[in-house]
Each structure stands twice: as structure tokens, then as C-alpha cells.
Amino acid sequence: MDLTSWLITAGLGAFHGLNPAMGWLFAVALGLQERSRAAVLRALPPIVLGHAGLVLLTLTLVAAARTATPPKFVSYGVAGLVCCFGLWRLLRRRHPRWVGMRVTRWQLAGWSFLMAGAHGAGLMLLPVTLRGEDTAVLALTGQALASTAAHTLAMLAVTTGLALLVYDRLGVAVLRKAWFNLDLAWGVALVGAGISAVLV
Amino acid sequence: MLVQPDPTFYPSAREAMRGPRERHAYVALLDAQGEGRPDALATVDLDPSSPGYGSVANVTDMPVAGDELHHFGWNVCSAALCPYAPHPHVERRYLIVPGLRSSRVYVLDTKPDPLRPTLVKTIEPATLAERTGYSRPHTVHCGTDAIYVSALGDTAGDAPGGVFMLDHDTFEPLGRWEVERGPQRLHYDFWWHLGHDTMITSEWGTPNMIEAGPDLDLLVNRKYGHRLHVWDLRKRVHLQEIDLGDQHQMALELRPAHDPTKTYGFVNTVISVEDLSANIFTWYLDDGEWKAEKVITIPAEPADPALLPEPLKGFGAVPPLVTDISLTLDDRILLVSAWGTGELLAYDVSDPFNPRQTGSVRIGGIVGRTAHPGSPGTARNGGPQMVETSRDGRRVYFTNSLYRTWDDVFYPDGVTSWLAKADLAGDGSLSLDAGFLADFAGDGRRAHQVRLQGGDASSDSYCFP
């Protein structure tokens, strides 16, 4: 992977970390519910790991496809899939309904996995990972792991920073103005990523 | 689709208290004549700088007669900010208006012209019956993942009553909410403790027990509801039943603390068969078990039997008949409507187990017929009934009709309807605003629930303290 790929991967991690729907807001709510900063910090690892799990799963599935399928075919397949998902996100607002405010760590990780999946977080990364020429199993596995790690670290940093900033200083009232509708940006990012899978 | 959250959504009740003052109210109007005139939704001007302040700005008639509009609510509210199901870029714009007698549910759009809501969808009773098995829809609450509506009974007007859900976006009925109802049969109100994934429901009676009017046999034999039910909000299963005592007939309005970290709330019982008193109970979570304790008793007032309607003559007293309560967003003051004695009371409930009365005003009443200070010569009938408090906790709006067949028993000479306003001071004292009385005498229909534009003290629930 070249530097650009790394930067895009990490940048998307930061972008996902910014989205309140990806988990930092949930961590803040759990902290406020228990009146405990430690509860905010306790909630973050399951959230980030659930997100990472979804990303890794998506990348691994496509890596597996690449070992068995001609590159062009994979590229067009990924492009179609990601574009369609992006358009669907733009047209239809849905959110998983599963947990409530009383959650175990496993439920929190599962929630984050589902939210990442429902928002197409893994799909958004796919085109970047297609940039390499490798088709060897070992190289692809390494690449999926490395991409997930870079993405996750960036997400962890941003999401932790935001959760603590809001919990310690800003307060949740900031949501009323600063919670911009990321659905549109998210849908456009997905469509853009899909197109780039064919162009690059 | 909005770029920022709807400006009327607040993460916490504390934030909501700082919101702007309400500019108008929506009021359900019920036709009591039964001559084919439909019910309606009125809009009342609440903007003090407007020339029409305190007057009826518009009346939107429903398309058919016989609905008995009662309670209603918003499509979405502050619960959309809840972190586990966030979808804040939607608009608080549709009113979900059920017909308690017809089982029809209307959806009205307030966006094109907030003063003149327009009908955009009707859920017919047959659709509701087919999808949910319920009838007589009543309370509406916007939830984190759907619109929740209570229903008093099944399609035959018997038990069980329960809760069904409407899709947030399409308003289509999604089906029954309960997965396991345990011993719950009777139903009336519901609300929740979002921080604890807990729903509470209350009991009035089945449609067959209430529609013909209050049934004295049922009452004397203690057959009306007197229990609370506690549910797991996520798993939708019944967890626990709290019996308030069968002498306390009709456990109605549920007002959980607005702060999601708190685990208590208030419920009113209408009448005690032992002494005609009305009572307020506090429910609370104690070491994993939900319990309830009686915290306020409002006694019956002795009265000349000649002034009492038929069923009360033998008692020589007028029961307070507490039929609605409202809790300010800071969980500090509880407003209590005594529809029988014609009194609106305020209690400081900062300590939910030791309420302290802080205010009282009188208007109407079965015996008192107290006048409004703006028209001291006019005796008023009905009494404070549906009560709603502004988000900032400074203004209390209330109407005077309960339910058509019950109005006829307790106020046999009819109910001439109005919407009054009382000011709630910082110390919890109440004073009637002499300059505010939206009079529905000209319209002739009876006012029931009030909803304030932008949200009020019973329209929203919050996931943040």
C-alpha cells in the first residue's frame, strides 16, 4: 500500500469516528447515565472493536474474492456494490433497532458492528484496498489487517477525543447545532468510493 | 431532510426548559351533540405580542363524525437524539390524532401552515384491527424507534388493551408491541424510563366498561383498574405488577421523571371507593424491585346533596376526581387536576416521597361552579381536566371536558368548554391569568387534550440527564 492509500484509510477512520451514530455519543450517554467519566472510557473499546470487526470482515471477504476472481471483475463488482449501497443510503433512512441504554460490553460491540454495517463503513474502504496489484493470499491478508488497523486507530483517536471533549467540556447541548446530517456526505462518499474503484 | 437536528429537539429536559416560549396550542375538540358534526382540532394563539392572543385562531374539522378525539401526539420528538437509535434530522411536524371511540387515527401536517394543520393520512379502524388486534387508540408517544400508541381494548371492546406501534416514516401500524403480557389485561396510559429500558403502563377499564358511562356496579365492586405494570422496553415482556390497592379505582396518567437517570414517577388514581378521595402514588425502583407508595391524598368535599348529580346524592360529598397530572421538565412541580371539585393544585415534588402543596386555583366544579377572574359574573361548569405545562415550567394550560358519557353523569347540565391558563411562579404558587380564556362556547364542542407547539411537558422523552 502506498502513502495515499494509508492516508485515505486513516482519513476514513477519522470520518467514521466523527459521526455521532458510530458510537461516541453512545459512550457519552452511558457516562452521563452513570455520572462517571470512567463509564465513557469503558464504553469506547467495545464500540471501536465492533466497528473494526465489521471493517475487517468486509475487507477479508473481498480479499478472498480477489484470490479467486479476475481483478477487473472484482473492481466492477465492488464498484457496483458500493455505489448501489451509497444510493440506497441517500434515498432511504433506516437505522438498526436493537439495544437500549442498559447494555453489556458485548451488546455494545454488536451494536457498533451493526451500525457500521448499516452505514456501509466497511464498503467505503474497499476501493482503497483494490489499489494494490497483489493477489497472493498472504499479501492480501496482511493488507486487510493493516488497513483495518490504520482505520481503527484513526477512528479510536477521533472518537475518544470527541467523547471526552463533549463529556468534559461542551456538554450534549452542542448536539442541537453541531450534529450535522452526515447521511448525505456519507452517501456521496460511498458513491465516490465506488466510482474510484473503477477509475483507479 | 434537515442539515441540523430539528430545533425543537433537546438532548435533555434541562435544555428544553431554555427553549423559546410556545406560540400556539393545538386542542382536541369533541362534538357532544351526536348530530353528525365531526370533531376538530383547534389552534389557539399563545403569542402575547399577537392581537389574537388567547383566542381560537383556527378550527380544522375531521372528515367524519363520531371519533371522540381525546389524546394526541407528535410524530417525532427529542427521543430522536437517543444515542442507540439516532435519527435527529427529521421534523416534528405531524400530529398523530386518534379517535377514542371510532378507533380511527388521523395524521395532520402542521408544516405548511402551523395555525392550520391539514389532514394527510387516515388509518381506518379496520386496518388498525387487522394489524394490531386492538381498538380505541388513546395516548401517543414518540419513541426512539417508532411511534407508540396505547389502545384500551381488543376489537370486541374487551381486554386486553395494550400498546401498538406506528412506523416513524409511513405511519403504518406495525403491530402489537407486547411479546409477553403476563397478567396485564386492562390498559390506559404508558410511558417509559429510557435510561433504564423500562416501560410503565396503567389501567382504566375496557371500552365495554367505560363507553356507556361510569358503571357504579363495577366501581363499587372495585372492577376498574388499580395496578401499574412494569415492562422491559427492549424485550417487550411484562416484568412486574404493582397493585395500588383495589379501593383506588382507575389508575390513569403516568408521569415518570424526565431525567433518565431517575427511577421514579407519579400516577393518579381517580376515586377511592372507601372515602371518595383521589390519590397520587409515587412509583420507584428499590434494589431491583419496582414499588409504589401513596404520597398525596385529596379528600372529598362535603356538599349539599341537592347540588349533586344523581350518583353522588347519597354521599353528600363531591369527590375531587383527579383525572390528569403534569410534571414540569425539571421534575420539581406536579400539577394536579381535580375535575370534580374544580381545582388545579400544584405540589413541590423535589422529594418525590414528601410532596408539599404550593399552589391552588379554582374554576368550575360540580358544586362550586367558580367563575373565571376575567368574567367574574359567569358561573363555569366542568373543571380543570387535561393539564399541560410549558417547557419552561412557567405556564399551565388546562381544559374542562373529560369524556362525553362521563361528562354527562358528573355535569348533567352539560359542559361549556374553555381553555384556561395559570401562571406557575418559581415558588410553585399558581395564579389564574385573568386575561386568558379561550372560550369554545361559540363553537359548542368540548376541549380535551392540549399540545403546545414545539413540545411541552408530556410530549418528549430524553436520553440525556
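# Exercises on a predicted two-chain model

Strand E5 (94–98) and strand E6 (residues 105–109) of chain B form an antiparallel pair with 5 bridges. Strands and helices here are DSSP runs numbered from the N terminus, with at least two residues for a strand (E) and at least four for a helix (H or I); two strands pair if DSSP finds at least two bridges between them.

The model is predicted: local features need pLDDT of at least 70, side-chain atom pairs count only at pLDDT 80 or more, and totals for chains, interfaces and linings use all residues. Residues are numbered from 1 along each chain as its sequence is written, while chains are lettered from A and ligands numbered from 1 in the order in which they are written.

## Exercise 1. Confidence

Task: state what the predictor reports for chain B and for the complex.

Solution. Start with pLDDT, the predictor's confidence in each residue, from 0 to 100. Chain B has a mean pLDDT of 96, and 100% of its residues reach 70 or more. Then take the complex, for which the predictor gives an ipTM of 0.90 and a pTM of 0.94.

## Exercise 2. Two open sheets of chain B

Task: for the sheet that contains E5 and E6 of chain B, find the strand order and the strands at the edges.

Solution. Step one: the order is E4-E5-E6-E7 in chain B, an open sheet of 4 strands with antiparallel pairing. Step two: E4 and strand E7 (118–123) of chain B are at the edges; each has a single partner strand, so one side of each has no neighbour in the sheet. Step three: for the register of E5 and E6, B:Tyr94 has B:Asp109 in E6(B) as its bridge partner.

Task: treat the sheet E3-E2-E1-E30 of chain B in the same manner.

Solution. This is an open sheet of 4 strands, and its pairing is antiparallel. Its edges are strand E3 (56–65) and strand E30 (446–452) of chain B, each with a single partner strand, so each has one side without a neighbour in the sheet. From one strand to the next, the twist averages 20 degrees, with axes taken as lines fitted to C-alpha atoms and angles running from 0 to 180 degrees between N-to-C directions. Within this sheet, strand E2 (residues 38–45) of chain B and E3(B) pair in the antiparallel sense over 6 bridges. B:Leu41 stands opposite B:Thr60 in E3(B).

## Exercise 3. A hairpin

Task: describe the pairing of E18 and E19 in chain B and the backbone at their turn.

Solution. Strand E18 (residues 278–286) and strand E19 (residues 289–298) of chain B are antiparallel and share 9 bridges. B:Trp283 is opposite B:Ala292 in E19(B). The hairpin has 2 residues between the strands, and B:Asp287 takes a positive phi near 55 degrees there.

## Exercise 4. Backbone exceptions and burial

Task: which exposure class applies to A:Arg35, and which to B:Leu276?

Solution. The classes count other C-beta atoms, placed from the backbone, within 10 Å of a residue's own: 20 or more is buried, 12 or fewer is exposed, and in between is partly exposed. A:Arg35 lies in the loop between H2 and H3 of chain A and has a positive phi near 50 degrees. With 9 C-beta neighbours inside 10 Å, A:Arg35 is exposed. B:Leu276 lies in the loop between strand E17 (264–272) and E18 of chain B, with a positive phi near 65 degrees. B:Leu276 has 18 C-beta neighbours inside 10 Å and is therefore partly exposed.

Task: locate the cis peptide bond between B:Ala159 and B:Pro160.

Solution. Omega of this bond is about 0 degrees. B:Pro160 is in the loop between strand E9 (147–154) and strand E10 (162–166) of chain B.

## Exercise 5. Surroundings of B:Cys77

Task: is B:Cys77 buried or exposed, and which residues is B:Cys77 in contact with?

Solution. B:Cys77 lies in the loop between strand E4 (73–74) and strand E5 (94–98) of chain B. With 25 C-beta neighbours inside 10 Å, B:Cys77 is buried. Contact requires C-beta atoms, placed from the backbone, within 7 Å. Leaving aside neighbours within four places in sequence, B:Cys77 contacts B:Phe9, B:Arg92, B:Cys142, B:Gly455, B:Ser459 and B:Asp460. The C-alpha atoms of B:Cys77 and B:Thr8 are 7.6 Å apart, with 69 residues of separation in sequence.

## Exercise 6. The contact between the chains

Task: how many residues does each chain give to the contact?

Solution. Chain A gives 24 residues and chain B gives 30 residues. On the side of chain A, H2(A) gives the most, with 5 residues.

Definitions and conventions: Two residues are in contact if their C-beta atoms, placed from the backbone, lie within 7 Å.
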